[in-house]
Amino acid sequence: MAENQRILVCAGTGCASSGALPIIDILKEEIKRQGLEETVSIVGTGCQGFCEKGPTLVIEPQHILYTRVTGEDVAEIVAQDIMKGERVERLLLLDQETQKPVSTLSDIRFFAKQHRIVLQNCGVIDPQKIEDYTTREGYKGLQKALAEMSPDDVIEEVKKAGLRGRGGAGFPTGLKWGFCRQTPNDKKYIICNADEGDPGAFMDRSVLEGDPHSVIEGMLIGAYAIGADEGYVYCRAEYPLAIKHLGIAIKQAEEAGFLGDNILNSGFNFHLKVFAGAGAFVCGEETALMASIEGKRGMPRVRPPFPAVSGLWGKPTNINNVETWSNIPHILRNGAEWYAQFGTEKSKGTKIFALTGKVNNTGLVEVPMGTTLREIIFDIGDGIQSGKAFKAVQIGGPSGGCLPENMLDLAVDYDTLTNAGAMVGSGGLVIMDETTCMVDIARFFVNFSQKESCGKCTPCREGNKRMYDILDKIAKGEGKPEDLDILENLALTIKETSLCGLGQNAPNPVLATLKYFRHEFEAHILEHKCPAHVCSALLSYTIDEEKCKKCGLCAKNCPANCISGDKKTSYKIKEEECIKCGTCIEKCKFGAVSRA
Ligand SMILES: Cc1cc2nc3c(=O)[nH]c(=O)nc-3n(C[C@H](O)[C@H](O)[C@H](O)COP(=O)(O)O)c2cc1C
Ligand code: SF4
Ligand code: SF4
Ligand code: SF4
Ligand code: FES
């Protein structure tokens with residue numbers, strides 16, 4: 001048995017919802033029962049990355065990963081792995097290619113191809129203990145800034161590192177800090193944008209849950225650079241664990257002298273509060289976010305003035321995203337040159353992606369900027385589920401676009417993706433296979449934007465509704481060829497005339513799908529067919545007489561009672577009465593029912 005083993009149990013939201021918390025209690029009991037308390041410690045961590053395979057558990061120092069662990073597995077893990085050093089094979093991850101179990105983290109392709117800077121503590125430390133953060137160099141960046149650097153030096157360092165905002169637009173962080181620093185005022189604010197409204201995104205939540213001190217330290221360094229003495233983390237109320245861990249971390253940082261007045265005897269003061277937002281997508285837009293903190297309705301306003309000049313309560317304010325703030329301590333501690341070695345010429349560092357959809361390994365992934373989509377989806381993500389064909393990747397959430405197979409070798413960086421009609425956005429990556437209909441997808445995202453529009457300006461309020469109606473018509477087989485031109489013109493107008501990023505980017509999924517998957521729109525309109533067999537109005541079900549064994553199971557289960565036949569005559573579907581539910585296909589054991 002190895003000395004000083006640590007059992008890291010993921011207690012992030014994903015694993016907690018699949019039953020991780022009782023496992024920690026059972027483990028503690030079992031370790032006590034076996035008299036191992038002196039040599040084995042149990043740590044509840046933030047997300048370890050492999051959320052879909054949760055609850056996950058890592059044994060250190062050997063870096064053994066067990067997936068889909070249950071309370072019943074605990075005694076076996078302790079008896080076999082901890083006490084005898086033998087792996088519990090059935091709980092190891094199965095490599096999709098070799099179909100063999102893989103035990104150590106470094107041998108698992110999902111982890112081996114990643115480079116973790118922001119996530120380096122996530123899933124490794126106890127986010128509720130400041131000592132876990134400080135023993136891994138935590139607050140060293142702040143100490144260095146306060147002891148050795150002037151605010152201008154700090155801004156220069158962040159500029160040299162080439163860090164660009166991770167909240168979507170990719171604006172250079174150092175430049176933004178410089179604007180705020182240059183605005184004279186004796187009161188300035190710092191805000192962390194933890195609204196994270198994109199469907200499918202959970203990067204920011206995971207950083208806050210798993211490593212809250214890194215965000216606080218980043219904000220402290222930013223506040224020192226800009227000259228702010230007060231800050232807010234604006235976090236959606238739907239993230240209770242992130243809010244809880246932040247609250248604990250703020251209290252601990254205050255007690256340790258990192259937050260409050262005269263921080264580390266430097267004369268620098270900074271106070272931090274958490275503000276729970278109600279979870280409206282538009283409240284992630286910076287001017288709407290500030291209105292929300294001020295107690296007003298979360299609606300964007302025209303810029304200028306930019307927040308750097310007139311922000312929260314009219315004071316100069318700097319807003320950055322969670323991941324942006326979390327990068328800062330690493331840059332200060334290791335230097336701009338170290339940071340700038342990762343990434344591409346114009347997009348430095350790493351980016352976290354939430355990899356979801358029809359991919360084998362879903363979870364949280366951090367890669368250097370410039371990694372290709374193919375590497376992320378096929379090497380790290382291990383390819384498409386059930387051996388199906390890849391169709392598209394939606395990148396950047398409702399503000400992004402869908403890219404087809406021939407774009408998979410594109411490097412993931414701000415400029416390359418924007419040129420391709422998508423965007424890095426906040427980092428949602430949704431993988432779609434051959435069973436996804438691109439008209440349906442465009443409709444889904446426009447529906448989201450339409451519902452989330454604050455309604456302040458007409459192009460966004462009315463235009464998105466109109467786009468939704470047209471897409472709905474096409475999905476129902478009622479579209480006309482000229483609808484595609486109307487859709488395109490409408491999309492371009494909404495983009496150009498909307499006030500905020502929601503309206504300006506809402507048409508992106510439509511424009512990208514029209515550009516890369518126009519043939520699917522045309523099939524719906526001209527042939528009244530949905531090539532992916534998704535749009536129910538366009539499907540037709542038929543029974544192949546040759547294959548039909550006349551068992552009657554389809555007719556028995558058809559909810560519309562529209563299948564007739566008996567042992568002597570053949571079975572037939574009355575198309576006009578069919579509600580296209582697909583039950584007959586599911587029930588037929590002989591493959592006699594087909595869908596077209
Ligand atoms: C509709 C809309 C929603 C947004 N939601 C978020 C969000 O959830 N988190 C975020 O960091 N930025 C979001 N942004 C971008 C912010 O307005 C802002 O640009 C960002 O917080 C700046 O931080 P950064 O420079 O670190 O990227 C959103 C923008 C728009 C238009
Ligand atoms: S673009 Fe849409 S969300 Fe933004 S201000 Fe206008 S109506 Fe509101
Ligand atoms: S698709 Fe549904 S409604 Fe139509 S024939 Fe089959 S079972 Fe009946
Ligand atoms: S379930 Fe299949 S085999 Fe049986 S009656 Fe229906 S179509 Fe024929
Ligand atoms: S929440 Fe447990 S691995 Fe992500």
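**A friendly walk through this predicted model**

1. Let's begin with one serine. Setting aside neighbours within four places in sequence, S206 is in contact with C47, C122, D211 and L364. Please keep in mind throughout that this is a predicted model. S206 belongs to helix α9, which runs over residues 203-210. Is S206 buried or exposed? Its relative accessible area is 1%, and buried means under 20%, so S206 counts as buried. The side chain of S206 also has a polar atom lying 2.7 Å from the backbone oxygen of F202.

2. Next, have a look at helix α2, residues 20-33. With 14 residues at 1.5 Å a residue, α2 should span 20 Å, and its end C-alpha atoms are indeed 20 Å apart, so the two values agree. The buried residues here are A20, I23, I24, L27, E30 and I31. Why can we say that these residues line one face of α2? Viewed down the axis of the helix, they fall within an arc of 135°, so they line one face. Try turning the model until you look along the axis of α2.

3. What lies on either side of α2? Its buried residues pack against β1 (5-10), α1, β2 (40-45), β3 (57-60) and α3 (74-84). On the face turned away from the buried side you will find the exposed residues E29, K32 and R33. Just after the helix comes G35, with a positive phi of about 65°.

4. Helix α11 can be read in the same manner. It covers residues 240-255, and its 16 residues at 1.5 Å each should span 22 Å; the end C-alpha atoms are 23 Å apart, which agrees. Which residues of α11 are buried? They are L241, A242, H245, L246, A249, I250, Q252 and A253. These residues cover an arc of only 170° around the axis, so they sit on the same side of α11.

5. Now for the surroundings of α11. The elements covering its buried residues include α1 (13-17), α5 (130-134), α9, α10 (212-226), β8 (230-236) and β9 (271-277). Helix α9 is the one that holds S206, so you can link this point back to the start. On the other side of α11, P240, K251 and E255 are exposed. The helix is followed by G257, whose phi is positive, near 85°.

6. Some backbone details deserve a second look. Most residues other than glycine have a negative phi, and most peptide bonds are trans. Which residues go against the phi pattern here? One of them is N262, which is not a glycine but has a positive phi of about 50°. N262 is in the loop between α11 and β9, and at 37% relative accessibility it counts as partly exposed. Another is E196, also not a glycine, with a positive phi of about 40°. E196 lies in the loop between β7 (189-194) and α9, and it counts as buried, at 9% relative accessibility.

7. Two cis peptide bonds can be checked as well. One joins G54 and P55, with omega at about -5°; P55 is in the loop between β2 and β3. The other runs from E60 to P61, with omega near 10°. P61 has its place in the loop between β3 and β4 (64-66).

8. On to the ligands, where E196 turns up again. How many residues surround ligand 1? There are 18, and the closest are G167, K176, E196, N321 and T324. A backbone N or O atom of E196 lies 2.8 Å from an oxygen atom of ligand 1. For R166, a backbone N or O atom is 3.4 Å from an oxygen atom of the ligand. With N193 the side chain takes part: one of its N or O atoms is 2.9 Å from an oxygen atom of ligand 1.

9. Ligand 2 has 13 residues around it, and C454, K456, C457, C460 and C500 come nearest. By kind, this shell divides into eight nonpolar residues, four polar and one charged.

10. Finally, ligand 3. Here 14 residues surround the ligand, the closest being C558, C578, C581, G582 and C584. The shell is made up of 11 nonpolar residues, two polar and one charged. As a last exercise, display the shells of ligands 2 and 3 in turn and find the cysteines named here.

Methods
Residues are numbered from 1 along each chain as its sequence is written. Chains are lettered from A and ligands numbered from 1 in the order in which they are written. This is a predicted model: local features need pLDDT of at least 70, side-chain atom pairs count only at pLDDT 80 or more; totals for chains, interfaces and linings use all residues. Side-chain values use heavy atoms; hydrogens and water are left out. A residue is near a molecule or strand if one of its heavy atoms lies within 4 Å of it. Ala, Val, Leu, Ile, Met, Phe, Trp, Tyr, Cys and Pro count as nonpolar, Asp, Glu, Lys and Arg as charged, and the others, Gly among them, as polar. Helices (H or I, at least four residues) and strands (E, at least two) are DSSP runs, numbered from the N terminus. Buried means under 20% relative accessible area, exposed over 50%, partly exposed in between (1.4 Å probe, protein chains only). A polar contact is a pair of N or O atoms within 3.5 Å; within protein, one must be able to donate a hydrogen and the other to accept it, and residues adjacent in sequence count only if both atoms are side-chain atoms. Contact means heavy atoms within 4.5 Å. The expected span of a helix is 1.5 Å times one less than its number of residues. The arc is that of the directions from the helix axis to the C-beta atoms.
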